[in-house]
Amino acid sequence: MSPLVWDLAHIANQEEQWLLRAVAGQEAIRPEIDSLYDAFEHPRSERPGLPLLAPDEARRYAADIRARALDVLQEAAFHGTRLTEAGFAFGMIAQHEQQHDETMLVTHQLRAGPQALTAPDPAPAPLFAGPAEALIPGGPFTMGTSSEPGPWTTNGPS
Ligand SMILES: [Fe+2]
């Protein structure tokens, strides 16, 4: 698995590259870190040895990029280019972050040692009034999505 701080800055770097640069035409904010967070250039096994941004710096970078991306989103026209048509690039970046959220959760689940994350207990879930079990008849089914799958339908570096 990647160091969690790699995922954090990688998410922001992809957001910067696609939404700020490709969609909005802005100049690179931290071009010197692009290659560090390029999943094709650095497989997971190499990432712990990279000179990654420290956690606080990665959080500041991610917050800065997110604020700028929300500004871009505010002014975006969802037509005109392949990236902007129907919000394609925005959907792609949202899906990309969700993929990494899952990857980061798996990283936490696989790790050993003392608890690394703490949070207050969640509010109790509302009681479910449906049956405890439901019979699903056997037969063919669609796994995943069958319409508008978006750009992240194949497995590749993440
Ligand atoms: Fe990724």
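**Notebook: Thr-103 and the protein around it**

I began with Thr-103 and found its place in helix α3, which covers residues 88-110. I note at the outset that I am reading a predicted model.

Next I asked myself whether Thr-103 is buried or exposed. Its relative accessible area is 13%, and because buried means under 20%, I entered Thr-103 as buried.

I then looked up which residues Thr-103 touches, leaving aside those up to four places away in sequence, and wrote down Met-1, Asp-7 and Arg-44.

Turning to the protein as a whole, I counted three helices and zero strands, and I noted that the elements run α-α-α when followed from the N terminus on.

For the overall dimensions, I recorded that the C-alpha trace spans about 55 × 50 × 30 Å along its principal axes. The radius of gyration is 19 Å, whereas a compact globule of 158 residues would have one near 15 Å.

I looked up burial across the chain as well, and found that buried residues make up 27% of the 158 residues, Thr-103 being one of the buried residues. As for contacts between residues at least 6 apart in sequence, 73% of them join residues at least 24 apart.

My last entries concern surface and charge. The accessible surface comes to about 11,000 Å², and 58% of that surface belongs to carbon and sulfur atoms. I noted 10 positive and 21 negative charges in the protein, with their mean positions 5 Å apart.

Key:
Residues are numbered from 1 along each chain as its sequence is written. This is a predicted model: local features need pLDDT of at least 70, side-chain atom pairs count only at pLDDT 80 or more; totals for chains, interfaces and linings use all residues. Side-chain values use heavy atoms; hydrogens and water are left out. Helices (H or I, at least four residues) and strands (E, at least two) are DSSP runs, numbered from the N terminus. Buried means under 20% relative accessible area, exposed over 50%, partly exposed in between (1.4 Å probe, protein chains only). Contact means heavy atoms within 4.5 Å. The radius of gyration is taken over C-alpha atoms; the globule rule is 2.2 Å times the number of residues to the power 0.38. Accessible areas come from the Shrake-Rupley method with a 1.4 Å probe; for residues, only the protein chains shown count as cover. Lys and Arg count as positive and Asp and Glu as negative; His and the chain ends are not counted. The place of a charge is taken as NZ of Lys, CZ of Arg, CG of Asp or CD of Glu.
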